[in-house]
Amino acid sequence: LKKRRVLKGEKISGGIGMGKLFYIDRQFASIPHHVLDAGKESVEKEIGRFKKAIEACSDELLKIQGKKNLPQEALSILEVHRMMISDPVLFDKISQEISKNRINAEWAVLNVFGKIIDYLASSGADYYIKAKIADMFVARDKILSQLMGEEKGTAKLGVLPTEDFVICAQSLTVSDLNLLAENPFLKGIVLEIPGGVSHLAVVLRTLEVPAVMGVTSLVSELDYQDEIIVDGQNGEVILGPDKREMEESVEKLFLYKEYFSRFLEKVEEPSVSKDGIVLKVGGNIEQPSEVDIVKKYGGEFIGLFRTELLFLDRTDIPSEEEHYRIYYETLHRMLPFRATVRIFDFGGDKEGNIVRKSSMGMRGIRFCKIHPALFIPQIRGLIRAASLGNLDIMIPFVSNVHEVDDFRELLYKEARILGLEKNLENVKLGAMIEVPSALFISSMLAKEVDFFSVGTNDLIQYMMAVERKDKSLSEYFSHFDPSIVRALYSLAHTAREHNVEVSICGEMGGDPCFALVFLAMGFTSLSMSPINIPVIKKIIKNGYLEEGKEFLNKILVLPEKELIRNYLEEEMRKKYPNIFRQIWTNKSNGEKNA
Ligand code: PEP
Ligand code: MG
């Protein structure tokens, strides 16, 4: 067994969790990976199962070879595969892999074939070797299909464990996360791929399990039998922890729950500063069931429903009826509060079946306009669900005034066709401000919409010219950058001048450092990952407009992002020591105001 290893990554979601390793190889997500029960018997049984599979494969190939009229070439290829599969050396290697690591046969097959294929690939790329590698893949998949009862490897996750587990993987898809939501045994997620403000990170946060991303050497460090501790608070992962650490994490989990529960006290009170300024706090969701989490954490509205994430992997077009049901459920659950549904924002890093690869600007409203068959059922579903009276609609990726005008025209046209114009009386229409051009025409856009909502994730991406998921440039991806602060300040000013509501729904909205700054800038609401709501509300309820103004005046003249970050962090640490402390190490630190 490998000894204890500590790996560092980015913190994505707080708390601490522990459990057995559950490794997901994305390519083989449907193939079960599990550690065998203790004892010799289970190993023998597994080797027996493997032996049977090999025999069945060989019999089947013989049977095909026995068919009449097969060309000679096909016969010899079948024979090569049969010999590979029934090679006694291969049998020994895979049996040893099963017994040495106490893993199931499918996993052992993947490992042993993986090593052979890697070896072949590294020994040259001539025609003969390439052909040999191709044969190895065929033989491997044949054995795997046999072991798994001929189930074809779709991209679905395999059988999930029924004891506490921590998922480790190079990466996962948003659809994987949808499958994992609400699994009671899932105690943490660790991924190699960097998080930043990618959609994977955004959705991961809504699962409410401790999560760490950007752990560079994760997969190569894993050992089959590992227990794992995920410390989402410090962005740390411990593989093979010792007994004392396991016990300590139970204690830490308790401390975390206690820490978090303090923010839940009176969380239902409205989000108003001590001197009476309202800055509403709401939640971002990806599916209707998350409305309950937003409400539980004191969210006063839904500021962003990312509708595209529900459909990334669909192969057919979602119908009007399906849209209607989803939005009706969302709006109904959220009553008496309002909910903002964003129309499809496919493209960018939201890839799946519907959009496999998109160019930089093929996003949001631009994509919708050229895919009416996808878009119109959504509009109609929304119009019907608007009968509940609490719907707002938001357009993503707005970069000019026409897009808003055209959208409104289309919305009313569809409502007329449905005979439901009345439903739109209470619907507010908003534009996302996330393309830099929208900032410069905000006074014109303000005349066309009821509200603005800033998508800081994309705004930073396009203002700073740095891709959301590019870790190598992450130093440029900072919402502390003076250009971003100034952009938001100026936008909020324009919005207030035109009497338009103005919100933030990008990740920056949930950064505690900025809550009072946003209050001072004149934002009317903030929407964020539900888990951040209680902390942000607490800050606003304990703050004063004057304090926010002091912070704002100071940061508007600071020329560097580091200076802005240091200044805000220091001020907030002074005022709210409990929010900004290290939970595990500083248990008794008292908090004056919050
Ligand atoms: C944003 O861009 O900040 C945003 C909220 O939208 P998304 O993250 O879905 O692009
Ligand atoms: Mg965006």
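Here are two short exercises on the ligand sites of this predicted model.

**Exercise 1. The magnesium ion**

Find which residues are the protein donors of the magnesium ion (ligand 2), and work out where they sit in the chain.

*Solution.*
1. Start at the metal and look for N, O and S atoms within 2.8 Å. The protein donors that turn up are Glu434, through OE, and Asp458, through OD, at 2.0 to 2.1 Å from the ion.
2. Next, place the two on the chain. Glu434 belongs to the loop between strand 13 (428-433) and helix 15 (436-440), while Asp458 is part of helix 17 (residues 456-463). They are 24 residues apart, and the pair links distant parts of the chain.
3. Finally, check accessibility, taking under 20% relative accessible area as buried. Glu434 and Asp458 are both buried.

**Exercise 2. The shell around ligand 1**

Describe the surroundings of ligand 1: which residues come nearest, and which polar contacts reach its oxygen atoms?

*Solution.*
1. List the neighbours. There are 16 residues around ligand 1, and Arg306, Arg342, Asn457, Asp458 and Arg468 come nearest. Asp458 is familiar from the magnesium site.
2. Sort the shell by class: eight residues are charged, five polar and three nonpolar.
3. Look at individual contacts to oxygen atoms of ligand 1. A side-chain N or O atom of Arg306 is 2.7 Å away, and a polar side-chain atom of Arg363 lies at 3.4 Å. Asn457 uses a backbone N or O atom instead, at 2.8 Å.
4. Now turn to the area. Ligand 1 alone exposes 290 Å², and the protein buries 100% of that.
5. Trace the shell back to its elements. Strand 10 (301-306) and helix 17 each give two or more residues, with helix 17 providing the largest share, three residues.

Note on methods. Residues are numbered from 1 along each chain as its sequence is written. Chains are lettered from A and ligands numbered from 1 in the order in which they are written. This is a predicted model: local features need pLDDT of at least 70, side-chain atom pairs count only at pLDDT 80 or more; totals for chains, interfaces and linings use all residues. Side-chain values use heavy atoms; hydrogens and water are left out. Donors are N, O and S atoms within 2.8 Å of the metal (3.2 Å for Na, K and Ca); water is not among the atoms, so sites may look incomplete. Helices (H or I, at least four residues) and strands (E, at least two) are DSSP runs, numbered from the N terminus. Buried means under 20% relative accessible area, exposed over 50%, partly exposed in between (1.4 Å probe, protein chains only). A residue is near a molecule or strand if one of its heavy atoms lies within 4 Å of it. A polar contact is a pair of N or O atoms within 3.5 Å; within protein, one must be able to donate a hydrogen and the other to accept it, and residues adjacent in sequence count only if both atoms are side-chain atoms. Accessible areas come from the Shrake-Rupley method with a 1.4 Å probe; for residues, only the protein chains shown count as cover. Ala, Val, Leu, Ile, Met, Phe, Trp, Tyr, Cys and Pro count as nonpolar, Asp, Glu, Lys and Arg as charged, and the others, Gly among them, as polar.
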